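Biologist: I'm new to this one and would like a close look at a single part, with enough of the surroundings to find my way. Could you take me through it in one go?

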2 protein chains.
Amino acid sequence: MTAYEILDQLKNEEAGLAPPTVYRALTALMDEGRAHRLESLNAFVSCQCAHVDHAPVLAVCDDCGSVEEHADEIVMDRLTAITRATGFHARRHVVEVHGSCGACAA
Amino acid sequence: MTAYEILDQLKNEEAGLAPPTVYRALTALMDEGRAHRLESLNAFVSCQCAHVDHAPVLAVCDDCGSVEEHADEIVMDRLTAITRATGFHARRHVVEVHGSCGACAA
DNA sequence: GAAGTGTATGTTATAAGATAACAAATCGGC
DNA sequence: GCCGATTTGTTATCTTATAACATACACTTC
Ligand SMILES: [Zn+2]
Ligand SMILES: [Zn+2]
Ligand SMILES: [Zn+2]
Ligand SMILES: [Zn+2]
């Protein structure tokens, strides 16, 4: 969901709600690890796994919009290693995969 | 660089240039594989490697803004495999790493 | 308990990023 | 030269995000 879709939904319950309120709530949720930002869509999803500190692999279905979340240390560690080769110090990993989910690809 | 930074630069040379022109040019460059979109920054970088079809790993220095480009089939193949486990069919990989480059991390 | 001080929340306005829709020009084929 | 088709230009608008200011609240100090 985009921030403005969330805003529209919440406006039904509480009028006078403005963008900064939504963005502040989303920022707080993301800080807690309870939501993730989909960078490639400028959208947000609630975390589907244990809310521990983690960099997720987000698989986005371009057909139906569903998002699957995967945890994979191997990918993250390899990314850190690859970039480390040039002296880069990795702090945040953004990994998103676009395609079709099982239901849509069938 | 963002699309609007590009726009501002080009406006110096050619007045009356509008956003769609820049976006159309960027789309064409990306189709050719000569530029990449930095999804996590809503920005664009020219391709720094051979202009073959590839999904790059982009390492972004949050301190100086530099971007390093890496090709790594292992990461991409693993991403395809991980998501494949749920029947997902991967078509496009977005992999960006934020941190500090060698110069800035030192 | 009033006054001060700092944090959280609400509000307005605007900045930044991207595209839709239409207009004009260019280019072949005839 | 005329016609339809593609490309390029232009205007307007839409979407996404944040700056800046105002207000409310919580907690301390006197
Ligand atoms: Zn998660
Ligand atoms: Zn789907
Ligand atoms: Zn490249
Ligand atoms: Zn740097």
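**A helix pair between two chains**

Modeller: Let's start with the setting: in chain A, if you take contacts between residues at least 6 apart in sequence, 34% of them join residues at least 24 apart. Keep in mind as we go that this is a predicted model. Chain A has four helices and five strands, and if you walk along its sequence you meet them in the pattern α-α-β-β-β-β-α-β-α. The C-alpha trace of chain A spans about 50 × 40 × 25 Å along its principal axes, and 41% of its 106 residues count as buried.

Now for the part I'd zoom in on, which is helix α3. In chain A, α3 covers residues 73-84, and in chain B, α3 also covers residues 73-84. The axes of these two helices come within 10 Å and cross at roughly 165 degrees. Because that angle is over 145 degrees, α3(A) counts as roughly antiparallel to α3(B). As for handedness, α3(A) passes α3(B) in a left-handed crossing.

Which residues do the touching? From α3(A) come A:Ile74, A:Val75, A:Arg78, A:Leu79 and A:Ile82, and they meet B:Ile74, B:Val75, B:Arg78, B:Leu79 and B:Ile82 of α3(B). Sort that contact by class and you get eight nonpolar residues, two charged ones and no polar ones. The charged residues are A:Arg78 and B:Arg78, because Arg counts as charged.

Since you asked for some surroundings, here's another place where the chains touch. B:Ala105 is found in helix α4 of chain B, which covers residues 102-105. Leave aside its neighbours within four places in sequence, and B:Ala105 is in contact with A:Gly87 and A:His89 from chain A, plus B:Ser100 from chain B. B:Ala105 has a relative accessible area of 37%, so it counts as partly exposed. Its C-alpha atom and that of B:Cys61 are separated by 9.2 Å, although the two residues are 44 apart along the chain.

Aromatic rings are worth a look too, and there are two aromatic pairs over all chains. One is A:Tyr4 with A:Tyr23, an edge-to-face pair at 6.4 Å centre to centre, with 65 degrees between the planes. This pair links distant parts of chain A: A:Tyr4 sits in helix α1 (residues 3-13), A:Tyr23 in helix α2 (residues 19-32), and they are 19 residues apart. A:Tyr4 is partly exposed at 47% relative accessible area, and A:Tyr23 is partly exposed at 37%.

Over in chain B, B:Tyr4 and B:Tyr23 pair up edge-to-face, at 6.4 Å between centres and 65 degrees between planes. That pair connects helix α1 (residues 3-13) of chain B, home of B:Tyr4, with helix α2 (residues 19-32) of chain B, home of B:Tyr23, across 19 residues. B:Tyr4 comes out as partly exposed at 45% relative accessibility, and B:Tyr23 as partly exposed at 36%.

One last stop, this time in a strand: B:Ala43 belongs to β2 (residues 43-46) of chain B. Is B:Ala43 buried or exposed? With a relative accessible area of 7%, B:Ala43 is buried, because anything under 20% counts as such. Not counting residues up to four places away in sequence, B:Ala43 touches B:Met1, B:Thr2, B:His36, B:Arg37 and B:Leu38. The C-alpha atoms of B:Ala43 and B:Ala59, which are 16 residues apart along the chain, are separated by 13 Å.

Note on methods: Residues are numbered from 1 along each chain as its sequence is written. Chains are lettered from A and ligands numbered from 1 in the order in which they are written. This is a predicted model: local features need pLDDT of at least 70, side-chain atom pairs count only at pLDDT 80 or more; totals for chains, interfaces and linings use all residues. Side-chain values use heavy atoms; hydrogens and water are left out. Axes are lines fitted to C-alpha atoms, for helices over the stretch in contact, and angles run from 0 to 180 degrees between N-to-C directions. Angles under 35 degrees count as roughly parallel, over 145 as roughly antiparallel, 65 to 115 as roughly perpendicular and the rest as oblique. A crossing is left-handed if the near helix is turned anticlockwise from the far one by less than a right angle, and right-handed if clockwise. Contact means heavy atoms within 4.5 Å. Rings of Phe, Tyr and Trp (its six-membered ring) pair if their centres lie within 6.5 Å; planes under 30 degrees apart count as stacked, over 60 as edge-to-face and the rest as tilted. Buried means under 20% relative accessible area, exposed over 50%, partly exposed in between (1.4 Å probe, protein chains only).
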